[in-house]
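Biologist: I am new to this one. Could you show it to me and let me ask how each label is earned?

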Amino acid sequence: MGRFPRGRGWRYAVHSMADARNIRSHLETLVTTAVSRAVASGELPDVAVPTAAIERPKDPANGDFASTLPLRMARGAMRPPLELAKVIAKHFPEDAAVERPEVAPPGFVNFRLTSAFLQAQVEQTIALGENFADLALGEGKKAQVEFVSANPTGPLHVGNGRGAAIGDALAAVLAAAGYEVEREYYVNDAGTQTDTFGDTLYARYQQLAGREVSIPADGYPGEYMVDLARTIRDRDGDRYLREPGEASPPELNALGLELMVAQIGETLARFGVSYDRWYSEKSLYGAEGTYEQAMEVLREQGQLMQREGALWFTSSELGENKDNVVVRSDGRPTYYASDIAYHYDKFLRRGFSLVADIWGADHHGHVSRLKTAVRALGVDANALQILLYQLVTLKRGGEVVRLSKRGGEIITLDELVEEVGADAARFFFLMRSPGAQMDFDLDLAVRQSNENPFYYVQYAHARLASILQRAAEQGLTPDGGKVGLLSQPHELALIREMMRLVDIIETVATTFEPQHLPHFAMELATAFHAFNDAFKQAGDPGLKVITGDEDMSRARLRLVLAAKIALARVLGLMGMSAPERM
RNA sequence: GCCCCCGUAGCUCAGGGGAUAGAGCAGACGCCUUCUAAGCGUCUGGCCGCAGGUUCGAAUCCUGCCGGGGGCGCCA
């Protein structure tokens, strides 16, 4: 640890030992070293020591990082925590990245990063470019994020947008964390709701042909079904018409689903989401025999049982509160059976080591069942992460609008994107933790669009771009800027903020809490705006980014470039654009 | 009846064992001869739903209660 004498080769020391990606573990090592040195010197009793417990103080006055180790080990060591903190600080090794620690009551050891370390992060950021803040957490393992997967029985509504924003951001973060990620949409093109959809479509189709029929009682009353029927009739005429009273033709059903899935795909594309694969539920029952193989595994486990004319998965033997039907008495498999087969395919066929299913909270009752089934297939329970998001309560003019495909009124995702824009909608969805119910007042969102926080973040990016643009017009570029010149408090504060993205990515990738992204984005934007306006406040033209001092200008342009990279990265992870000008 | 989520500033929400509880919007007052004022600064605003408990330390963990939402189908 103190192997590198001060004043010699700090660059080598910093680069070889610590950067933004491993500074925490670096600090842990230093604290552990300090403790063992103190024990060796007899100043600390040789007792069991908890982990170094490196935290980030809320108040920057308490440093960049802090250890609460003294508070945690006080009881075991039978010494006051403040005293332990002083001893640990005393034996803390010299290090290029960290200043001498400070001790604060009741027993914190506070660490401040050196200017040299912070300055080096600017170079690091520029060197990494669009890979800035990438982690190796996933070790290149295959991960899948399956999200939205709404029944193709109608257009996507606002609630689906929440799932889309969350799933897409999570996929991006997992990719940044080192997983090989695939985005997937599970198309429910089999099952009873699909049949009802077909019956509704055929009823509308017949109505257009002048027949007096009504849609099924449990059918889909939305106007879009009339539009869909009309589209098909305009294209193919009456060719799907059968004798009055006959059942709806399967070809019409299939065509309707195909068109609906295509429409959903276009909606999501407008929202900025694209999938690697659209997976057909029906294909589970095709030539590949996925369904049969999955059931065979359960049968081998002795977990299938014929009873009351149906086939049951004996999940109660595996800790569930009841058994569940996989094949109905009429011979048709349930949705549950499909999902078991689907996850058999995800894990055992395609070999994903991490699968994240993003579901609306109305699927809550299905979570435990599916996890149990997946475990019965021989898959590690932790490999399947099911993230539930609470449904969106939509308001228009303060009045609650119910979101239901079967009810009359729905607000579509297309309408939302048209009214408030994809970037704003995504930011809004991501800001809330998935588990929290959220109100979305459309009128308010539109009216306040110029004051929405996402503009604040994008505006920061545009200002950064603008500074680089202005400098370039004067022949000034970041090239050759010496980051060692960056020493103003607001310059270093900006670097400190940029560094946090590594923490954010790790947190989101391990806790599946995407709301940290927009919150961090706002804080980074704040750090930049404060940096930028500090020059104005000071009233000193020498403090601007672009000044008469060319060396200083180039150094600050390097910081501006790095900050732009960091901001663009977090905007990208959220699936938002990073405009060069606004 | 049982299970899950939520209750934090006027509003919408972060924080989910550590230091004086935060942001945006709303409200008050300042700041453009200046690389974008879609910005910055200062101020106002809180029994962190209630009551117990665990802990050196609880908005955070546990128990109970109150309030809001969701789930518990041979629907998906």
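Biologist: Which elements each supply at least two residues of the lining of the second largest pocket?

Modeller: This is a predicted model, so every answer is computed from it. The elements are α17 and α18. The largest share comes from α17, with seven residues.

Biologist: How much space lies in the second largest pocket, and which residues are closest to its centre?

Modeller: About 450 Å³. The lining has 19 residues, and P60, G63, D64, R496 and E497 are the closest to the centre. By class, 10 are nonpolar, two polar and seven charged.

Biologist: Why is the second largest pocket said to lie between domains?

Modeller: Look at who builds the wall. Domain 1 (10–113) and domain 3 (452–573) both give residues to the lining of the second largest pocket, so it lies between them.

Biologist: Which domains does the assignment give for chain A?

Modeller: Domain 1 (10–113), domain 2 (192–259) and domain 3 (452–573). The C-alpha centres of domain 1 and domain 3 lie 30 Å apart. Their contact takes eight residues from domain 1 and five residues from domain 3.

Biologist: What makes those residues count as being in contact?

Modeller: Contact means heavy atoms within 4.5 Å.

Biologist: Now the cavities. How many of 30 Å³ or more does a search of the whole structure find?

Modeller: Two. The largest has a volume of about 80 Å³. Of its 13 lining residues, A20, Q121, Q124, T125 and F132 are the closest to its centre. Two elements, α5 (115–128) and α17 (489–511), give two or more residues to that lining.

Biologist: What makes a space a cavity rather than a pocket?

Modeller: The way out. In a cavity a 1.4 Å probe fits but cannot get out, whereas a pocket is open.

Biologist: Where does the largest cavity lie?

Modeller: Domain 1 and domain 3 both give residues to its lining, so the largest cavity lies between them. That lining has eight nonpolar, three polar and two charged residues.

Biologist: What lines the second largest cavity?

Modeller: A424, F427, F428, N452, P453 and F454 do. The volume of this cavity is about 30 Å³. Both α14 (422–431) and α16 (453–473) supply at least two lining residues, and α14 gives the largest share, three. Five of the lining residues are nonpolar, one is polar and none is charged.

Biologist: Which residues come nearest to RNA strand B?

Modeller: D59, R75, R432, Y459 and S466, out of 66 residues around the strand. By class, the surface near RNA strand B has 23 nonpolar, 23 polar and 20 charged residues.

Biologist: To what do the atoms of RNA strand B within 4 Å of the protein belong?

Modeller: Sugar or phosphate accounts for 65% of them, and bases for the rest.

Biologist: Why is the approach of K58 to RNA strand B called a polar contact?

Modeller: Set the distance against the cut-off. A polar contact is a pair of N or O atoms within 3.5 Å. An N or O atom in the side chain of K58 is 3.1 Å from a phosphate oxygen of the strand, so the pair qualifies.

Biologist: How do you know that Y335 and R470 qualify?

Modeller: By the cut-off of 3.5 Å. Y335 uses a polar backbone atom, 3.0 Å from a phosphate oxygen of RNA strand B. R470 uses a polar side-chain atom, 3.4 Å from a phosphate oxygen of the strand. Both distances are within 3.5 Å, so both pairs are polar contacts.

Key
Residues numbered from 1 in each chain as written. Chains lettered and ligands numbered in written order. Predicted model: local features only at pLDDT ≥ 70, side-chain atom pairs only at ≥ 80, totals over all residues. Heavy atoms only, no water. 1 Å grid on protein atoms, 1.4 Å probe; cavity = no way out; pocket = protein on both sides within 12 Å on 5 of 7 lines; lining within 4 Å. Points joined across faces, edges and corners; volume = space filled by probe spheres on them. Helix = DSSP H or I, 4+ residues; strand = E, 2+ residues; numbered from the N terminus. Nonpolar A, V, L, I, M, F, W, Y, C, P; charged D, E, K, R; others polar. Domains from an automatic or database assignment. Near = heavy atom within 4 Å. Polar contact = N/O pair within 3.5 Å; in protein donor to acceptor, adjacent residues only side chain to side chain.
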